[in-house]
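Work through the exercises below with the sequence and the model open beside you. Each one sets a task and is followed by a solution in steps.

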Amino acid sequence: MKIHFICQKENAKNDFESCISKYSQTDWSKADVHVVMGGDGSVLDDLHEQVKKDVSIPIFALNYGTVGYLTNEKDWQSLPERISRAEKITVPPLQVETTLASSGQKVRAYAFNEVSFFRGPSMQAVDLDLLINDSRYNIFGDGAMIATPMGAHAYLKSAGGPQMPKGQNMLAIHSNNSANSFSAVVPSDTVVAVASRQNQKRPVRIECDSKLAIDHISRAVVKQAVHKSQVLLFDGVKKNILANRLRMR
């Protein structure tokens, strides 16, 4: 088994060096599996890097972070055996195609947890139109987010968003502190179009998993990108917690 180890945490460096000594280090692109030694943010970093390079290499993450919702227990002594028996969970990201207000330039980005629409540099409340299955909804306030099942316990939960049904491939849509609050759970193949109604006075900022920000957008189209799906590997307790939510029936 060819393993590439990724370490982004100071508290994992000793184990990282021990793993390389025991199992050796394979080049990033030639590995059978990536072992990420960090937290949820470290896993998201590798997911985004793989999407950027248009590859899909399974990720088995060891928890050296705080929450570790996307990780496994950090015992590395029998990694090949654990990886071989781990369950594969496929996670398709969201694709967001934005149009910049100033130039009309198109910018494409991806998110595995959520795409968020926030107040821009002026900090004025945003004025958004959401078009969902031919129905139009106005959001006036802090903004809105579109979340995946993987993001159900991330920003969506802390923002008071709707509960996502376990084992079903759905998307959640939730407004943030808006005058006309809105929450919905929709099928994963739903295409959501978002338009800024006052992009000069009330500029809008998009964030994807808090990894990429795009300012001054006039409109955006968000949809699931199955062709960019990645694979997470889980065993033990975390397998039961996360796999039950992400395993699609």
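**Exercise 1: the surroundings of Ser116**

Leaving aside neighbours within four places in sequence, Ser116 is in contact with Ala144, Met145, Tyr155, Arg205, Ile206 and Glu207, where contact means heavy atoms within 4.5 Å. This is a predicted model, in which local features need pLDDT of at least 70 and side-chain atom pairs count only at pLDDT 80 or more, while totals for chains, interfaces and linings use all residues. Residues are numbered from 1 along each chain as its sequence is written, and side-chain values use heavy atoms, with hydrogens and water left out.

Task: state in which strand Ser116 has its place, and whether Ser116 counts as buried or exposed.

Solution. Begin with the secondary structure, in which helices (H or I, at least four residues) and strands (E, at least two) are DSSP runs numbered from the N terminus; on this basis Ser116 belongs to strand 7, residues 114-119. Then turn to the accessibility, for which buried means under 20% relative accessible area, exposed over 50%, and partly exposed in between (1.4 Å probe, protein chains only). Ser116 has a relative accessibility of 2%, and therefore counts as buried.

**Exercise 2: the two sides of helix 1**

Task: find which residues of helix 1 (residues 13-23) are buried, and what covers them.

Solution. First, list the buried residues of helix 1, which are Phe16, Cys19 and Tyr23. Next, consider their directions: they cover an arc of only 60 degrees around the axis, which puts them on the same side of helix 1, the arc being that of the directions from the helix axis to the C-beta atoms. On the other side of the helix, Asn14, Glu17 and Ser21 are exposed. The cover over the buried residues includes strand 1 (3-7), strand 2 (33-38) and helix 3 (79-85). For Phe16, with its neighbours within four places in sequence left aside, the contacts are Phe5, Ile6, Cys7, Gln25 and Met37.

**Exercise 3: strand 2 and its partner**

Task: explain why strand 2 is described as largely enclosed by the rest of the structure.

Solution. Count the buried residues first: six of the six residues of strand 2 are buried, so the strand is largely enclosed by the rest of the structure. Then separate the faces, since Val33, Val35 and Met37 lie on one side and His34, Val36 and Gly38 on the other, and both faces are covered. Finally, look at the pairing, for which DSSP must find at least two bridges between two strands. Strand 1 and strand 2 run parallel and are joined by five bridges, with Val33 of strand 2 as the bridge partner of Ile3.

**Exercise 4: strand 4, with one covered face**

Task: say which residues of strand 4 (residues 87-91) form the covered face and which the uncovered one.

Solution. The covered face consists of Glu87, Ile89 and Val91, whereas Lys88 and Thr90 make up the uncovered one. As for the pairing, strand 4 runs antiparallel to strand 16 (residues 230-234), to which five bridges join it, and Glu87 has Phe234 as its bridge partner there.

**Exercise 5: Cys7 and Cys19**

Task: explain why Cys7 is not bonded to Cys19.

Solution. Recall that a disulfide is a covalent bond between the sulfur atoms of two cysteines; the criterion applied here is a pair of cysteine sulfur atoms within 2.5 Å. The cysteine sulfur closest to that of Cys7 is in Cys19, at 9.4 Å, which is too far for a bond. By this rule the count is zero disulfides. The two residues can also be described by accessibility: Cys7 is partly exposed, with a relative accessible area of 22%, while Cys19 is buried, with a value of 0%.

**Exercise 6: positive phi in two loops**

Task: state where Asn133 and Ser210 are found, and whether each is buried or exposed.

Solution. As background, most residues other than glycine have a negative phi. Asn133, although not a glycine, has a positive phi of about 50 degrees, and Asn133 is found in the loop between strand 8 (126-132) and strand 9 (135-147). Its relative accessibility is 52%, and Asn133 therefore counts as exposed. Ser210, also not a glycine, has a positive phi of about 60 degrees, and its place is in the loop between strand 13 (204-208) and strand 14 (212-215). With a relative accessible area of 61%, Ser210 is exposed.
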